[in-house]
Amino acid sequence: MKTFKFLWSYAIKYKGSLLLTVFSMMMLVIVQLFAPWIVREMINLVTDGVSEDAFARVGRLALLGLGVFAARAVFTFIRSYAAHVAGWGVVADVRSGLYSHLQRLSLRFYENRQTGQLMSRVVNDSDKIETLIAHAVPDVTVNIFMFIGVNIVLFAINPVLMLLCLIPVPLIVLGMKGFGRYVRPAFRQRQIELGELNASLNDHLSGIREIKAFVQEERIATRIGSHITRYMRSLLRALKLMAVFHPFVEFSSSLGMIVVIYFGGRLALGNVLPIADLVAFFLYLELLYQPVRMLSMAWENVQEALAGAERVAEILDEEPEVVDTGNLLSIPGTNGQPGRAHGELTFENVSFHYVPGVPVLTDVTLTVPAGASAALVGPTGVGKTTMAALISRFYDPVEGRILLDGIDTRMLKLPALRSQIGMVLQDVFLFHGTIKENVLFARPDATDEQVVGACRAANAEEFIVKLTEGYDTVIGERGVKLSGGQKQRIAIARALLADKPILILDEATSAVDTETEKLIQQALEHVMEGRTTIIVAHRLSTIRKADIIVVLDEGGIAESGTHDDLVALGGIYHKLHEVYA
């Protein structure tokens, strides 16, 4: 019931198309009930003998039949098109809503989920909803109307024979109930296996260079083959249930024909039932059991669609961990720019863990004045990147709070907070598109002159102008056509164009050669001017000029000060300096 309510919340938007669908289906039922009646009247006309107006009545019956079949074609089109408008409209809205919801979910949600799995939920599972809206529900509705309408006509012809024809119906209803009990889990498992296949394909196609480099093509092909086999087996398991159910329905419905042959034949032989009525009974009997057979097929579509809808609803039921709270405050602004922060950052007794009982940060207190640069250093795993992530509220502290210009960041709207922060990360993500499009990603309304200026300041213009298409060069997925240093400089240009008062640099130069590092370091100096900068680095040569160097160890701040102060102190930083400098 919950799944139906979820689907109805989207379908109500298309009530006009759905009402038109229902109207056309009702008209189809009425139109189709006329055809056997015309045959019945034709038989009565012939058996009554030749009369003066017999030929004229035959012509009128033929014209009526033509009108019936023309009307059936028109209403079939209306039903089909209107149902598809509603069906694909609902799918489009569900996909949009699902993607918007995924964007709102916190990063922790994505830590144990594969991209391909989520893509399967958005595309494959939601696709099944169209089958439900445009096919299953209309088919169920029209066939229920048809079943009721045919029974009314048969009752008018011969009530006793009509009741005898209904003997197989309880068998079919029980079969549908049992079918629904077993087939929906089977379809759900099929969707799970399809998601696993999509996830595996996404992972291994993204890592095709590594697969080739380590000559793992055969092993990975075997792994993908196993996913394909599991999907095939889950699909065949569902199809096996369907293969059992459909013949059962066909056999059960054929019992009605046996009833009419036996009892109808005896009534006709006893002159209780006219021949025309017996022929009409046979014709209407097909219309009686056609809905029953169609209902069994529609029920299959319903179960398949509900299996997909349940998986979509599971994602929509997920709640983000990081959310806006009540009584949200605005950022006061500075230098006559409303909504632009000064940039002072304060950690007050901040503790954090990813897994309960395994602390990453413990009671961290730190203040970074507006416009200052603070470098976070220390061994791997001590919480440097975590501190940077907490500033942007990708996660919230377990204890303590983080302040921006004296305001608890949890009291600021998430978009307002994150609009103050620019980032340049070690693992630069560039979208498939041109260099210009990737730089503009941070500020889509920027002019060409501003894009060029940002790239020049980031020391990126030098290599961009040498490319065949310049700024319009398509760089491939994740910037595959660029070197590591080139991607870093594009990311820096993007951060410059964004012009945020706070900048986070997370290992921005760790994966490049010395010459490229100098170019990037020069670019970063442009970016850092007038901004509060948090630098996460292993290469101590990149942080010598930082206003504050914070040494983290075992989840807390072990030392802090300038480069010279910490070297003179002879502690952890001094040892790191001897190793990495």
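Two strands are said to pair when DSSP finds at least two bridges between them. In this predicted model, an open sheet of 4 strands follows the order β2-β1-β4-β5, with antiparallel pairing. Strands β2 (358-368) and β5 (407-408) stand at the edges and have a single partner strand each, so one side of each is left without a neighbour in the sheet. Within the sheet, β1 and β4 run antiparallel and are joined by 5 bridges, and Ser-351 has Glu-399, in β4, as its bridge partner. Helix α11 lies across β1, β2 and β4, and its direction makes an angle of about 115 degrees with β1.

The elements named here with their residue ranges are as follows.

| Element | Residues |
|---|---|
| Strand β1 | residues 345-355 |
| Strand β4 | residues 399-404 |
| Helix α11 | residues 384-391 |
| Helix α16 | residues 484-498 |

Helix α16 has 15 residues, which at 1.5 Å a residue should span 21 Å, and this agrees with its end C-alpha atoms, which are 21 Å apart. Because 13 of its 15 residues are buried, α16 is largely enclosed by the rest of the structure. The helix is followed by Asp-499, whose phi is positive, near 55 degrees.

The largest nonpolar core has 43 residues, and those with the most contacts inside it are Ile-490, Ile-492 and Ile-543. Helix α16 gives the most to this core, with 7 residues. Leaving aside residues up to four places away in sequence, Ile-490 touches several residues, including Leu-430, Ile-435, Phe-463 and Leu-482. A second, separate core of 34 residues includes Val-360, Leu-366, Ile-548 and Leu-552.

Methods. Residues numbered from 1 in each chain as written. Predicted model: local features only at pLDDT ≥ 70, side-chain atom pairs only at ≥ 80, totals over all residues. Heavy atoms only, no water. Helix = DSSP H or I, 4+ residues; strand = E, 2+ residues; numbered from the N terminus. Contact = heavy atoms within 4.5 Å. Axes fitted to C-alpha atoms, helices over the stretch in contact; angles between N-to-C directions. Expected span 1.5 Å × (residues − 1). Buried < 20%, exposed > 50% of the residue type's maximum accessible area, 1.4 Å probe, protein only. Core = buried A, V, L, I, M, F, W, Y, C linked by side-chain atoms within 4.5 Å.
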